[in-house]
Amino acid sequence: MGIEVIDSELTEQRLNQLTQALGSGMFVHVRNMLHDMAASDVALILESSPPKTRQVLWQLIDQEQAGEILEELGEELKDSLISGMSPEKVAQATSGMDTDDLAYILRSLPDAVYKKVLQSMSSQDRHRVEQALSYPDDTAGSIMNTDTVTLRPDVNIDVVLRYLRQRGNLPDTTDTLYVVDRNDHVLGGVRLADLLTCNPSETIRTIMDPELESIPVDMPDNEVAQLFERHDWISAPVVDEEQKLLGRITIDDVVDVIREDAEHSMMGMAGMDDDEDTFGPVMKSTFRRSLWLTINLFAALLAASVSNMFEGTLEQFATIAILMTIVPSMGGVAGNQTLALVIRGIALGHIGQSNSRWLIGKELAIGFLNGIMWSVLVFFAVWLWKDDIALGGLIGGAMLINMTVAGLAGASIPLFLKKLNIDPALAGGMVLTTVTDVIGLFAFLGLATIFLM
């Protein structure tokens, strides 16, 4: 927490310095400041700046830094900056970028623009990118790098060490070299630590790990992230259906996937895109949010129509109108607790067909027990407050019904949405709120109509 506060204060301090320098016309000073910053820090400054300041800062950034900075930016801001660049400048800025990052950027460009960017590249870079673009988005193939170092099993370790010294450098985040046959089928892997500490006269076959686990190229990237988390991998090979080596995935790519999934879930709860720019244009942000607000308006009207069904009851018992918001509110909170737990379980791969029924039963039982506990509490509270034991019993009964339904709905709604290929993080909250509001109002007002009138 302390580190986050320090980073936040440092970013704000740098942004103030840059803004003051820009206001004073000290553009050379600003350019030098940006040049001395790390790419990740410059990206953070850009994302923290209003649109006008952001455009000026981007114009002052060295072209050599542009590619590294683009890698660190959010998708919406990245697309906005690239859209104002010529294809030649995009190709120049992205030269030397990892294949997966370059493919990620090109996917967001209009077809006409990205084809011009490809034409501006060298034939070797163009071939690498076209191969990366051939894999579906959000799969292992879309986030893998093709910069791998391979070995033959019958080569002496001393020969390998001499080759590596002649090579001069290794791809970033290299912890394992992959052993392949003449047809590039993966046979195993050799850790760099083992390569440096074993007898140089031995062959690669004697120290390689033949049980090295490979990742299918079409595996969803969230499942790749789960494998990395479970096995504490730094890198892993990616193979096709014939077990031929295509590339590798590294931990930095997996961290990006985990972060994007977390942002998607958090923003999805509010019905917003996970790539929305904090300082984006007003009209664009307004239209994006209007769709979700429209859906929520119809959900609210549905709940209001339930109240309208019991208009006569509300006219005769003003106290009911005061208390009727308690039941939907408690049901909503209880249901959202279950909803968050189940969505997290789905994201982590903990929930499947084999255990989903058990989980629904568990959450139903929790909802029922919570309903008993809080219905008794609210019964005594309303009885003492309004000196009306019947009214206390009615709201207690409605509380029990709604919290039980909330537990059931919170567990079953995300599972049902997943079967329909609808993102539970995006639609689950709205559906649950509608259910708990409608059931809560119907239970309370219905019981009041039956027993008080």
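**A three-stranded sheet and its surroundings**

Strand 5 and strand 6 (residues 245-250) run antiparallel and are joined by five bridges. This pairing is a good place to start in the structure, which is a predicted model. In strand 6, G247 is the bridge partner of V238, and I249 is the bridge partner of A236. Five residues lie between the two strands in their hairpin, where Q243 takes a positive phi near 65°.

On its other side, strand 5 meets strand 4 (residues 215-216), and these two pair in the parallel sense over two bridges. Here P216 stands opposite V239 of strand 5. Taken together, three strands form an open sheet in the order 4-5-6, with mixed pairing. Strand 4 and strand 6 stand at the edges with a single partner strand each, so one side of each has no neighbour in the sheet. As background, the strands of a sheet pair through backbone hydrogen bonds, in either the parallel or the antiparallel sense.

How enclosed is strand 5 by the rest of the structure? Five of the five residues of strand 5 (residues 235-239) are buried, so the strand is largely enclosed. Two directions can be told apart along strand 5: S235, P237 and V239 point one way, while A236 and V238 point the other way. Residues of both groups are buried.

Strand 6 also takes part in a salt bridge. R248 pairs with D147, and the closest N and O atoms are 3.7 Å apart. This contact links distant parts of the chain, since R248 sits in strand 6 and D147 in the loop between helix 11 (140-143) and strand 1 (150-151), 101 residues apart. The relative accessibility of R248 is 3%, which is under the 20% limit, so R248 counts as buried. D147, by contrast, has a relative accessible area of 28% and is partly exposed.

By the rule applied here, there are five salt bridges. Another of them joins the side chains of D194 and R191 at 3.1 Å, N to O. In this pair D194 is partly exposed, with a relative accessible area of 28%, and R191 is partly exposed as well, at 47%. A further salt bridge connects K362 with E363, where the closest N and O atoms are 3.7 Å apart. K362 counts as partly exposed at 32% relative accessibility, whereas E363 is buried at 3%. In general, side chains of opposite charge can pair when their charged atoms come close.

The next topic is the nonpolar interior. The largest nonpolar core has 37 residues, and those with the most contacts inside it are L34, L46, W58 and I69. Helix 3 (residues 39-47) supplies the largest share of this core, namely five residues. A second, separate core of 23 residues includes I320, M399, L441 and A443. In soluble globular proteins, nonpolar side chains tend to be buried together.

What does I69 touch beyond its neighbours within four places in sequence? I69 is in contact with A39, V42, A43, L46, W58 and I61. One of these residues, A43, also has its C-alpha atom 9.9 Å from that of L77, although A43 and L77 are 34 residues apart along the chain. L77 lies in helix 6 (residues 75-83) and is buried, with a relative accessible area of 4%.

Nonpolar side chains also appear at the surface. F368, L369, I372, V376, F380, W383 and I389 form a nonpolar patch there, with about 630 Å² of accessible area together. Six residues of the patch come from helix 21 (residues 356-386), which gives the largest share. W383 lies in this helix. With a relative accessible area of 31%, between the limits of 20% and 50%, W383 is partly exposed.

Some values for the whole protein set these details in context. The protein contains 23 helices and six strands. It has 453 residues, of which 41% count as buried. The protein exposes about 24,600 Å², and carbon and sulfur atoms supply 57% of that area. Among the contacts with a separation of 6 or more, 66% are between residues 24 or more positions apart.

Methods. Residues numbered from 1 in each chain as written. Predicted model: local features only at pLDDT ≥ 70, side-chain atom pairs only at ≥ 80, totals over all residues. Heavy atoms only, no water. Buried < 20%, exposed > 50% of the residue type's maximum accessible area, 1.4 Å probe, protein only. Helix = DSSP H or I, 4+ residues; strand = E, 2+ residues; numbered from the N terminus. Pairing = 2+ DSSP bridges. Patch = residues over 30% accessible without salt bridge, like charges linked within 9 Å, V, L, I, M, F, W, Y side chains within 5 Å. Areas by Shrake-Rupley, 256 points an atom, 1.4 Å probe, with all protein chains shown as cover. Salt bridge = Lys/Arg side-chain N within 4 Å of Asp/Glu carboxyl O. Core = buried A, V, L, I, M, F, W, Y, C linked by side-chain atoms within 4.5 Å. Contact = heavy atoms within 4.5 Å.
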